[in-house]
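Good morning, everyone, and thank you for making time for this. Please take a moment with the sequence and the structure before I start talking.

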Amino acid sequence: MTANSAPPADAAAARARLLELIKELAVVRGKVILSSGAEADYYIDLRRITLHHEASKLVGQVMLSLLDDAGIDFECAGGLTMGADPVATAVMHTAVDAGRTVDAFVVRKAQKSYGMGRQVEGPSVEGRKVLVLEDTSTTGGSALTAVEGVRRAGGNVVAVAVIVDRDTGAKEKIEAETGVPYLFAFGKDELGLS
């Protein structure tokens, strides 16, 4: 630990409090159409968590703890804009607070046709160990787009991680198509949605 790093947070307490906040703030019941086009009886609006004054810090702590427990070594974290942006920032800040060097990045849905013509924005991912993040996943489409963009930019994707897994096949699809592990902090059953 460096002189500027904070002591590690109690991972179990952070996880318990984040789960409480997700249930309270992010689970919206009622018919909704998901980004995948599928219909659901509930919506998990994790921007209410990742952009929340208390929950954002917990997201960083819980996700970093999840990744450390799984032995995932990475230098950069990010994913498809917009769901992944605050998750990556939370992980980056938590890592820095612990004296670690982790950069964040953003993946656009498509490569820009102007300026530098990049699809992956932020510090370069080329030749680096990259973690692809997402707030939640239904079909895995956003994470797969991000993995493809990162790989085109020369990054070595080591894992995909989400805050909440909806248990709709994203894990299996992502692992099969990318060849990297898919991790999640919470399953829908923990949110009372099974």
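**A helix, its salt bridge and the rest of the chain**

Let me begin in helix α6 (residues 170–178), where E175 and K171 are 4 residues apart and are therefore separated by about one helical turn; helices here are DSSP runs of H or I with at least four residues, strands are runs of E with at least two, and both are numbered from the N terminus. The side chains of these two residues, E175 and K171, meet in a salt bridge, at 2.8 Å from N to O, and by that term I mean a side-chain nitrogen of Lys or Arg within 4 Å of a carboxyl oxygen of Asp or Glu. E175 is partly exposed at 29% relative accessible area, and K171 is partly exposed too, at 26%, where buried means under 20%, exposed means over 50%, and partly exposed is in between, with a 1.4 Å probe and protein chains only.

Before going on, I should say that this is a predicted model, in which local features need pLDDT of at least 70 and side-chain atom pairs count only at pLDDT 80 or more, while totals for chains, interfaces and linings use all residues. Residues are numbered from 1 along each chain as its sequence is written, and side-chain values use heavy atoms, with hydrogens and water left out.

How many salt bridges does a search of the whole structure find? The search finds 13. One of them joins D73 and K129, with the closest N and O atoms 2.3 Å apart. D73 lies in the loop between α3 (55–69) and β3 (76–80), whereas K129 belongs to strand β6 (residues 129–137), so this pair ties together parts that are 56 residues apart in sequence. D73 is partly exposed, with a relative accessible area of 47%, and K129 is partly exposed at 29%.

Another salt bridge links R48 with D45, where the closest N and O atoms are 3.2 Å apart. Here R48 is partly exposed at 43% relative accessible area, whereas D45, at 17%, counts as buried. There is also a network of salt bridges, which links R17, E20 and E54.

Turning to the interior, the largest nonpolar core has 40 residues, and those with the most contacts inside it are L18, I22, I49, F74, L133, I163 and F186; such a core is a set of buried Ala, Val, Leu, Ile, Met, Phe, Trp, Tyr and Cys residues joined through side-chain atoms within 4.5 Å. The elements that give two or more residues to this core include α1 (11–26), β2 (39–44) and β8 (182–187), and the largest share, 7 residues, comes from α3. Leaving aside neighbours within four places in sequence, F74 is in contact, meaning heavy atoms within 4.5 Å, with L64, L67, V91, V102, K129, V130, L131 and V158. Apart from this core lies another, of 20 residues, among them V132, V157, V160 and A170.

Finally, the chain as a whole: its secondary structure comes to 6 helices and 8 strands, which follow the pattern α-β-β-α-α-β-α-β-β-β-α-β-α-β along the sequence. Buried residues make up 47% of the 194 residues. Among contacts between residues at least 6 apart in sequence, 67% join residues at least 24 apart. The C-alpha trace spans about 45 × 40 × 30 Å along its principal axes.
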